[in-house]
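The following exercises concern the architecture of a predicted model. Each task is followed by a solution that proceeds step by step.

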Amino acid sequence: MNAFRRYSRTSCGSETGIKLLSELSNWLGSGRLIPVNDIAVDLGTANTLIYVKGEGIVLNEPSVVAVERGSRRILGIGLEAKRMLGRTPEGIEAIRPLKDGVIADVDVTEMMLRHFLKQVTSKRIFRIKPTVVVGVPSGITELERRAVRSSAMSAGSKNVFMVDEPMAAAIGVGLPVETPTGNMVIDIGGGTTDYVLYVDGAILASGCIPVGGDHVTNDIHLVTHLPLSKAEQVKKTEGDASGDPTKSEGVVTVADEGGFPDVELKRQIINDVIRMRFQETLELVRERLPDDGLVRVGKGVFLTGGSSQMVGLGELAQDVFGLPVYKPESPDVSGVHAYIKDPQYFTALGLIRYAQILEEERPNSSAWGKVSGFLRSLWPFGG
Ligand SMILES: Nc1ncnc2c1ncn2[C@@H]1O[C@H](COP(=O)(O)OP(=O)(O)OP(=O)(O)O)[C@@H](O)[C@H]1O
Ligand SMILES: [Mg+2]
């Protein structure tokens with residue numbers, strides 16, 4: 001039986017995520033029949049991605065639901081909700097059912113996931129019911145886990161597996177897990193920063209800080225009074241988190257489409273807001289590592305997630321950890337070439353790889369022991 005070595009862990013929710021992995025590891029080790037996996041879902045705070053085997057990423061929509069103010073009637077989900085919110089924002093409220101790394105609204109999450117899966121499954125005739133692998137925020141509770149399972153089942157799945165996001169990101173990055181040196185992956189998304197440090201095939205530390213790029217956007221919005229959509233745009237196109245003073249000279253001009261004069265903002269202010277939030281978050285990760293954690297990191301720190309695209313974040317992470325920082329190229333995964341250079345897709349990629357390996361190794365049932373052994377070599381479980 002696999003020993004799941006764990007020295008320290010902090011989570012955004014409960015410890016269920018780790019228990020789940022442990023369970024999955026035991027399940028794989030037990031040699032029971034492993035089914036084919038057809039669909040991988042990265043259920044993110046900001047975006048939900050769905051991958052279908054052999055086709056690549058078929059759905060990439062914001063994890064947002066539009067409800068009517070007052071009645072709370074659901075008006076739209078995903079892209080449709082985002083479009084509605086842009087058009088008639090007064091009578092409509094946006095719900096982000098996954099917030100701060102936990103499932104804040106179980107019913108709405110269930111509805112959203114079912115909607116996304118139905119959108120994918122209704123378009124095709126599966127000869128068999130698909131098995132669904134879902135990447136979920138670290139540490140979701142038992143109740144949340146049941147909601148994810150039941151919505152996937154009611155959308156026509158045969159089986160549902162749940163995988164911790166940072167683990168999926170680590171697999172997506174394609175890091176070897178059984179080398180004596182350690183690896184650290186930090187997945188900086190919209191609502192959370194998930195990290196995992198594993199050494200010699202065992203997890204030394206993992207956890208989740210309930211802060212991500214959406215908080216940074218909100219900070220810019222609060223400080224500059226720009227609408228959130230503009231704040232997001234400024235962050236992505238003008239911001240720099242490096243702390244390099246030459247990157248903070250002058251002003252940023254933000255055009256106003258409503259006929260008001262353009263707004264001029266000091267670059268220094270925007271960059272300070274961005275840097276402060278990311279620095280604090282990365283320092284929290286560092287503080288939560290065991291004393292000898294950083295010494296045992298081998299090659300360096302790997303950044304994934306949409307926010308790892310933030311300009312200057314690599315330099316900032318290097319300052320905080322005192323280690324080389326990588327935004328790695330993903331391993332080659334058939335069918336998704338167009339996406340694989342984008343760190344936002346690493347979690348989905350990990351889920352895909354997981355599904356692919358199961359598929360490739362499936363041919364004869366006597367090979368199940370080998371399958372589970374190979375999977376264990378990919379997954380950061382203790383042996
Ligand atoms: N070029 C960019 N520069 C800075 N930030 C970016 C860029 N592109 C995307 N982001 C940020 O990435 C975040 C979304 O990342 P991602 O899609 O990985 O989140 P998620 O997986 O839905 O969230 P989580 O993992 O927290 O549940 C948003 O905050 C967005 O602003
Ligand atoms: Mg994510």
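**Exercise 1. A central strand**

From β2, the residues I39, V41 and L43 point one way, A40 and D42 point the other way, and all are buried.

Task: Determine how many residues of β2 are buried, and which pattern the side-chain directions follow.

Solution.
Step 1. In β2, 5 of its 5 residues are buried, and the strand is mostly covered.
Step 2. The cut-off behind this statement is a relative accessible area under 20%.
Step 3. In a regular strand, side chains alternate between the two faces of the sheet. The division into I39, V41 and L43 on one side and A40 and D42 on the other can be read against that rule.

**Exercise 2. Partners of β2**

Task: Identify the strands with which β2 pairs, and state the sense of each pairing.

Solution.
Step 1. Pairing within a sheet occurs through backbone hydrogen bonds and may be parallel or antiparallel.
Step 2. Strand β2 (residues 39–43) pairs with strand β3 (residues 47–52) in the antiparallel sense, over 5 bridges. A hairpin of 3 residues connects β2 to β3.
Step 3. Individual partners can be named: D42 is bridged to L49 of β3, and V41 to I50 of β3.
Step 4. With β10, β2 runs parallel, and 4 bridges join the two. Here V41 has V134 of β10 as its bridge partner.

**Exercise 3. The whole sheet and its helices**

Task: Give the strand order of the sheet, and state which strands stand at the edges.

Solution.
Step 1. The sheet is open, has 5 strands with mixed pairing, and follows the order β4-β3-β2-β10-β11.
Step 2. The edges are formed by β4 (56–62) and β11 (159–164); each has a single partner strand, so one side of each lacks a neighbour in the sheet.
Step 3. From one strand to the next, the twist averages 15 degrees.
Step 4. Helix α3 (residues 106–121) packs on the sheet and touches β2, β3 and β4, its direction making about 145 degrees with that of β2.
Step 5. Helix α4 (residues 142–154) lies across β2, β10 (131–136) and β11, and runs at about 140 degrees to β11.

**Exercise 4. Two helix pairs**

Task: Classify the packing of α6 with α7 and of α8 with α9 as roughly perpendicular or oblique.

Solution.
Step 1. Helix α6 (residues 213–224) packs against helix α7 (residues 228–238) at an angle of about 110 degrees, with the axes 8 Å apart. Because angles of 65 to 115 degrees count as roughly perpendicular, α6 is roughly perpendicular to α7.
Step 2. The crossing of α6 and α7 is right-handed. On the α6 side, the contact includes V216, I220 and H221, and on the α7 side L228, A231 and K235 are among the residues. The contact of α6 with α7 comprises 4 nonpolar, 4 polar and 3 charged residues.
Step 3. Helix α8 (residues 267–288) and helix α9 (residues 313–321) pack at about 40 degrees, with axes 10 Å apart. The pair α8 and α9 is therefore oblique.
Step 4. The crossing of α8 and α9 is also right-handed. Residues of α8 including F278, L282 and V285 meet a group in α9 that includes L313, L316 and F321. By class, the contact of α8 with α9 has 8 nonpolar, 1 polar and 4 charged residues.

Notes. Residues are numbered from 1 along each chain as its sequence is written. Chains are lettered from A and ligands numbered from 1 in the order in which they are written. This is a predicted model: local features need pLDDT of at least 70, side-chain atom pairs count only at pLDDT 80 or more; totals for chains, interfaces and linings use all residues. Side-chain values use heavy atoms; hydrogens and water are left out. Axes are lines fitted to C-alpha atoms, for helices over the stretch in contact, and angles run from 0 to 180 degrees between N-to-C directions. Angles under 35 degrees count as roughly parallel, over 145 as roughly antiparallel, 65 to 115 as roughly perpendicular and the rest as oblique. A crossing is left-handed if the near helix is turned anticlockwise from the far one by less than a right angle, and right-handed if clockwise. Contact means heavy atoms within 4.5 Å. Ala, Val, Leu, Ile, Met, Phe, Trp, Tyr, Cys and Pro count as nonpolar, Asp, Glu, Lys and Arg as charged, and the others, Gly among them, as polar. Two strands pair if DSSP finds at least two bridges between them. Buried means under 20% relative accessible area, exposed over 50%, partly exposed in between (1.4 Å probe, protein chains only).
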